[in-house]
Amino acid sequence: FIKYGYNFAISDPTYNAGIYAVDLVKWRNKNVIDDIHYWMKQNGARMLWSFGTQPLMLLSFHNQWDQLPSEWNLAGLGYNGDLAKQHLDSAALLHWNGKRKPRLS
């Protein structure tokens, strides 16, 4: 994105937008929808990405998010078939990110 005047470092932290919680008051106060519309227009003009909404969320919330505790997002269920039962039992949310999603079977 440096080519387009945006300086995002490859080492900047990211998150998986499959599971996230939103503070709606902050969302409205920061006019997040304007950022989302901005990045959608940029992508429409230059094709910055071609897959899903993950890039849109990462750009719109760049350095403006907090990590949830790990038990809130037990990821990997779509590709990792050998997760320990104790991890499944203690998870608040089960996240099928991968090709083996229940809806695809």
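pLDDT is the predictor's confidence in each residue, on a scale from 0 to 100. The structure here is a predicted model, so that score is where we start.

**Exercise 1. Work out how confident the predictor is in this chain, and which helix has the lowest mean pLDDT.**

Solution. Start with the whole chain: its mean pLDDT is 82, with 93% of the residues at 70 or more. Then go element by element. The lowest mean, 82, belongs to α4, while α1 has the highest, 92.

**Exercise 2. List the residues of the largest nonpolar core and find the helices that each supply at least two of them.**

Solution. Some background helps first. In soluble globular proteins, nonpolar side chains tend to be buried together. In this model the largest such core has 12 residues: Y6, Y15, A17, V32, I36, W39, L48, W49, L56, M57, L59 and F61. Now put the helices over that list. Both α2 (32-46) and α3 (54-60) supply at least two residues of this core.

**Exercise 3. Describe the ring pair W27–F61 and explain what it ties together.**

Solution. Two numbers do the job, since a pair of aromatic rings is described by the distance of the centres and the angle of the planes.

- Step 1, geometry: the W27 and F61 ring centres are 5.5 Å apart and the planes make 45 degrees, a tilted pair. A tilted pair is one whose planes are neither under 30 degrees apart nor over 60.
- Step 2, location: W27 sits in helix α1 (residues 24-29) and F61 in the loop between α3 and α4 (85-90), so the pair ties together parts that lie 34 residues apart in sequence.
- Step 3, burial: W27 is partly exposed at 21% relative accessibility, whereas F61 is buried at 13%. The cut-off for buried is under 20%, so W27 falls outside that class.

**Exercise 4. Classify the Y38–W39 pair and say which residues its cluster links.**

Solution. The centres of the Y38 and W39 rings are 5.2 Å apart and their planes are at 80 degrees, so this one is edge-to-face. As for exposure, Y38 is partly exposed at 32%, but W39 is buried at 6%. Ring pairs link F8, Y38 and W39 into a cluster. The search over the whole structure turns up 4 aromatic pairs.

**Exercise 5. Check the phi angles of N31 and N63, and place both residues in the fold.**

Solution. Here's the yardstick: most residues other than glycine have a negative phi. N31 goes the other way, with a positive phi of about 50 degrees, and N63 has a positive phi too, near 55 degrees. Next, where are they? N31 is in the loop between α1 and α2, and N63 is in the loop between α3 and α4. Last, exposure: N31 comes out as partly exposed at 43%, and N63 as exposed at 53%.

**Exercise 6. Follow the surroundings of two buried polar residues, S60 and N43.**

Solution. Take S60 first. It belongs to helix α3 and is buried, with a relative accessible area of 3%. A polar atom of the S60 side chain lies 2.9 Å from the backbone oxygen of L56. Skipping neighbours within four places in sequence, S60 contacts D35, I36 and W39.

Now N43. This residue is in helix α2 and is buried at 15%. Leaving out residues up to four places away in sequence, N43 touches L48 and W49. Go back to the core list and you'll find both L48 and W49 there.

**Exercise 7. Find the salt bridge and explain how its partners are spaced.**

Solution. The count for the structure is 1 salt bridge. Its partners are K85 and D89, with the closest N and O atoms 2.8 Å apart. They are 4 residues apart in helix α4, so about one helical turn separates them. Both K85 and D89 are exposed.

**Exercise 8. Locate G18 and list what it touches.**

Solution. G18 is in the segment before α1, and at 52% relative accessibility it counts as exposed. Not counting residues up to four places away in sequence, G18 touches Q54 and H95. For a distance check, take F51, which is 33 residues from G18 along the chain: the two C-alpha atoms are separated by 14 Å.

Terms used
Residues are numbered from 1 along each chain as its sequence is written. Side-chain values use heavy atoms; hydrogens and water are left out. A nonpolar core is a set of buried Ala, Val, Leu, Ile, Met, Phe, Trp, Tyr and Cys residues joined through side-chain atoms within 4.5 Å. Buried means under 20% relative accessible area, exposed over 50%, partly exposed in between (1.4 Å probe, protein chains only). Rings of Phe, Tyr and Trp (its six-membered ring) pair if their centres lie within 6.5 Å; planes under 30 degrees apart count as stacked, over 60 as edge-to-face and the rest as tilted. A polar contact is a pair of N or O atoms within 3.5 Å; within protein, one must be able to donate a hydrogen and the other to accept it, and residues adjacent in sequence count only if both atoms are side-chain atoms. Contact means heavy atoms within 4.5 Å. A salt bridge is a side-chain nitrogen of Lys or Arg within 4 Å of a carboxyl oxygen of Asp or Glu.
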